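This report looks at the surroundings of a ligand, at one packed pair of helices and at the overall dimensions of the chain.

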Amino acid sequence: MNDFEEYAAYVRGRKSSFKTNWHKEALKEIGTFEQKFPDRKPKILLHACCVVCACWPMDFLSDAFDVTLIYNNPNIWPKEEWEHRLSELKRYIHERWNDSIPLIVTEYTGEDYMKYLSERKDDPEGWKRCFGCYEKRMDEAFAYADAHGFDYFTTVMTFSRQKDSQKLNEIGLKLGEKYSRTKYFTSDFKKADGQVKSNAICDAYDLYKQNYCGCVYSFRDENS
Ligand code: SF4
């Protein structure tokens, strides 16, 4: 099977195959907290790629968790865009959360990251270039969570309609096998009207909505 046939089979499978309802799985896990954490909320490290994807998950998770955000996104091109998405996230944390949610920001290594992505620069969005991109950023953030004693780790990327939640959760669960301290928290932040809730928050705070995922290739494809 060549690459194109493999991609076509993947897209067909995505449409037709049975999918786990990861949102229900998330609610099930939260239902165990009273027993597992009788005296405190569990600590979760939430990987955030931008405020549009992060705002609703922050609301949803903060009821059950002590939330910390990590902005680990060297995929975003150019650096000014990385800075702008970060400043909008900070503004939202300040205006909505009174700075009560900690934010960890990792180094911007855009050039090296683009070299890593360039091996699959002609992939359509949502294919192997993206799978590698999800996994790399999640793995780095997961390692941070494990080294710093977080109970759980997850990513807001399951909010995006352009991203396959099934794939993201498979990656997260597989990465979880590497880490002994921190457990992967499955999610599908699109469910339960996530999009509607995010839109309402974005409107209320006049948040910046970018028109491309992040890398130079997604910019090229959106603007060509
Ligand atoms: S389109 Fe988005 S997820 Fe895919 S490689 Fe580019 S930045 Fe990463």
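In the shell around the ligand, helix α7 is the element that gives the most, with three residues; helices (H or I, at least four residues) and strands (E, at least two) are DSSP runs numbered from the N terminus. The model is predicted, so that local features need pLDDT of at least 70 and side-chain atom pairs count only at pLDDT 80 or more, while totals for chains, interfaces and linings use all residues. Residues are numbered from 1 along each chain as its sequence is written.

Residues count as around the ligand if the C-beta atom, placed from the backbone, lies within 6 Å of it, and those found include N75, E125, R129 and Y217. At least two residues of this shell come from each of α7 (128–147) and α10 (216–223).

Helices α4 and α5 form a contact (C-beta atoms, placed from the backbone, within 7 Å) through the residues tabulated here.

| Helix | Range | Contact residues |
|---|---|---|
| α4 | residues 51–62 | V51, A54 and C55 |
| α5 | residues 79–97 | E88, L89 and Y92 |

The axes of α4 and α5, lines fitted to C-alpha atoms over the stretch in contact, with angles from 0 to 180 degrees between N-to-C directions, come within 10 Å and cross at roughly 25°. That makes α4 roughly parallel to α5, a term for angles under 35 degrees.

The chain holds ten helices and five strands, and its C-alpha atoms fill a box of roughly 55 × 40 × 35 Å along the principal axes.

How values were computed:
Angles under 35 degrees count as roughly parallel, over 145 as roughly antiparallel, 65 to 115 as roughly perpendicular and the rest as oblique. Two residues are in contact if their C-beta atoms, placed from the backbone, lie within 7 Å.
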